[in-house]
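This report walks through a protein–DNA complex, from model confidence to the contacts between its parts. Please keep the sequence and the 3D view at hand.

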2 protein chains.
Amino acid sequence: MKDIHSPSEQDYIQQLSIDCVIFGYQDSQLNVLVPKLNFRGDFWALPSGFIYQNEGIDQAARRILEGRTGIKDIYLEQFRVFGDAPRSNIRFLERLIELNEDKLGDKPFNHKEFDWITRRFVSIGYYALVDIRKVVPRKTDLDESIDWYPVRDLPPMIMDHHEMVKCALETLQLNLDQKLIAFNLLPETFTMREVQELYESIFDRAFARNNFQKKILDLNVLERLEKKFTGAANKAPFLYRFRNAGAQVG
Amino acid sequence: MKDIHSPSEQDYIQQLSIDCVIFGYQDSQLNVLVPKLNFRGDFWALPSGFIYQNEGIDQAARRILEGRTGIKDIYLEQFRVFGDAPRSNIRFLERLIELNEDKLGDKPFNHKEFDWITRRFVSIGYYALVDIRKVVPRKTDLDESIDWYPVRDLPPMIMDHHEMVKCALETLQLNLDQKLIAFNLLPETFTMREVQELYESIFDRAFARNNFQKKILDLNVLERLEKKFTGAANKAPFLYRFRNAGAQVG
DNA sequence: GCACTATTGTCTATCTTTAAGACAATAAAT
DNA sequence: ATTTATTGTCTTAAAGATAGACAATAGTGC
């Protein structure tokens, strides 16, 4: 599916890219949406893209994220710029070139289509929080597939993308204590246990149930709804809803 | 003083710049080092620069900072990227052009030397913490002068530079609670009162003396030295030194 | 030398927040 | 009716933050 506008390279800011760490949550597991590259050999890379000349960087990140998730009003946040001089992981790069010499040409990297692999890039890292149920993952021409992977069990990714995820997760943890953003990862209604399991998967540690509930309720941002009857042989938990649902786009 | 290498524009990454908020502390006042532009009219702009093709962004920031302060091992931190599509403050820009038509040409901005004023740039914001006594502020060819200004009483700066300082200060406040970086703003030895006044100038609010002292000493990072006899008619305060002096470059 | 002043270093009491333990309430299964 | 797993909430204990108090002391003025 080609872009209608099919912009030439000159329409983009050169040597500057955006890489996105898209977090989604399901089955007590924090996941990241990662495409597999359409190359021989197993190479993954974070969803990324470039910035048009007359486009803000947040705007560009939103466009890229919508292209991969189908979601318009997405919660996103800049977390760092990656711009070391040699950002490539040499071992990865050599294997990729070795396995894909035909595509890349004899004198590798003359093909404009693929020079992003080796040209020096500075990349702005964004992370996004989405309700995994609303996402319909979309491939681009460069991708073989795109899937959710557990944040602590990711496939081998090119360049410094593993460090990016690590940095995004650390920033998310910090921000979670200050802003109130975790609910972007949940469906509209949820039980207290689900909130706790979400926090536990983000911080990778257990919380005390009694105190956790108190802490969250003391924030005064949840609205208690009717009970949720799961069919299990125990007391039914209440459902909650975040007060400013929808107004959480940052 | 021209750069010896005198690099052509092609040696830089295009449309990507670094802007620096350099914090210094003196006389109970948090200051920022700001050059005044060598244009008619009163225009100030944060110290900035570009990134060489084979240079990391942190490395570039260090080079720029050394050029303005003369300090090599400087504490610095990325705090945000500024990349809205129209970053220019139109009113400023119009006045600057009006007052400097001769320099900028009839068809303004044909001069490569000055096109940074209007070309679309994405800028990486860094803040730096320096001991103001070690700094010898240096002008570039573009500057008329360079001086320290109180962080809450800055001269009119171009573009979004006021927002940059605001954002840098907020990040500094957040980081101060987590990392231990404030001592980069102080001389090697200092009294507890000086530390407190520094914190008060950064957070723009008062702290209780007794509890502040306890909190800082409980961090176990200060080494108590001999007393400092100021000549004042009161008990002489102890001098302190930061334990890992010099190892604070981040 | 002696009272006086401004400031420092530290102690204690109080309030608030965080953490841990305990237990009744309840939806379904037996 | 009894049992089971889980939930909602209360109580108590520990830790941390906040505020008040006061002795110690380097100089000043007499």
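What pLDDT does chain A average, and what percentage of the residues score at least 70? The model is predicted. Chain A averages a pLDDT of 86. In this chain, 86% of the residues reach at least 70. Residues 1-7 of chain A have a pLDDT below 50. Beyond near neighbours in sequence, that stretch has zero contacts in the model. Where pLDDT is low, the predicted coordinates should not be read in detail. For the complex, the predictor gives an ipTM of 0.88 and a pTM of 0.89.

**Chain A**

Chain A has 250 residues, and 30% of them are buried. Its secondary structure comprises six helices and nine strands. Take the contacts in chain A with a separation of 6 or more: residues 24 or more positions apart account for 71% of them.

**Contact between chains A and B**

Chain A gives 18 residues to the contact, and chain B gives 18 residues. On the side of chain B that touches chain A, the elements that give two or more residues are β1 (12-26), β4 (75-82) and β5 (122-130) of chain B. The largest share comes from β1(B), with four residues.

**DNA strands**

Which residues come nearest to DNA strand D? Of the 18 residues around this strand, they are A:N210, A:N234, A:F238, B:A233 and B:K235. Chain A contributes two or more residues to this surface from each of α5 (192-203) and α6 (209-218), and chain B does so from α6 (209-218).

DNA strand C also has 18 residues around it. Here A:N210, A:K235, B:N210, B:N234 and B:F238 come nearest. The elements that give two or more residues to the surface near DNA strand C are α6 of chain A, and α5 (192-203) and α6 of chain B. A:N210 is listed among the nearest residues for strand D and for strand C.

**Residue classes**

The table sets out the make-up of each surface by class.

| Surface | Nonpolar | Polar | Charged |
|---|---|---|---|
| Side of chain B that touches chain A | seven residues | seven residues | four residues |
| Surface near DNA strand D | eight residues | seven residues | three residues |
| Surface near DNA strand C | eight residues | seven residues | three residues |

In short, strands of chain B, including β1, supply residues to the contact with chain A. Helices α5 of chain A and α6 of both chains supply residues near DNA strand D. Near DNA strand C, the helices are α6 of chain A with α5 and α6 of chain B.

Terms used: Residues are numbered from 1 along each chain as its sequence is written. Chains are lettered from A and ligands numbered from 1 in the order in which they are written. This is a predicted model: local features need pLDDT of at least 70, side-chain atom pairs count only at pLDDT 80 or more; totals for chains, interfaces and linings use all residues. Two residues are in contact if their C-beta atoms, placed from the backbone, lie within 7 Å. Ala, Val, Leu, Ile, Met, Phe, Trp, Tyr, Cys and Pro count as nonpolar, Asp, Glu, Lys and Arg as charged, and the others, Gly among them, as polar. A residue is near a molecule or strand if its C-beta atom, placed from the backbone, lies within 6 Å of it. pLDDT is the predictor's confidence in each residue, from 0 to 100. A residue is buried if 20 or more other C-beta atoms lie within 10 Å of its own, exposed if 12 or fewer, and partly exposed in between; C-beta atoms are placed from the backbone.
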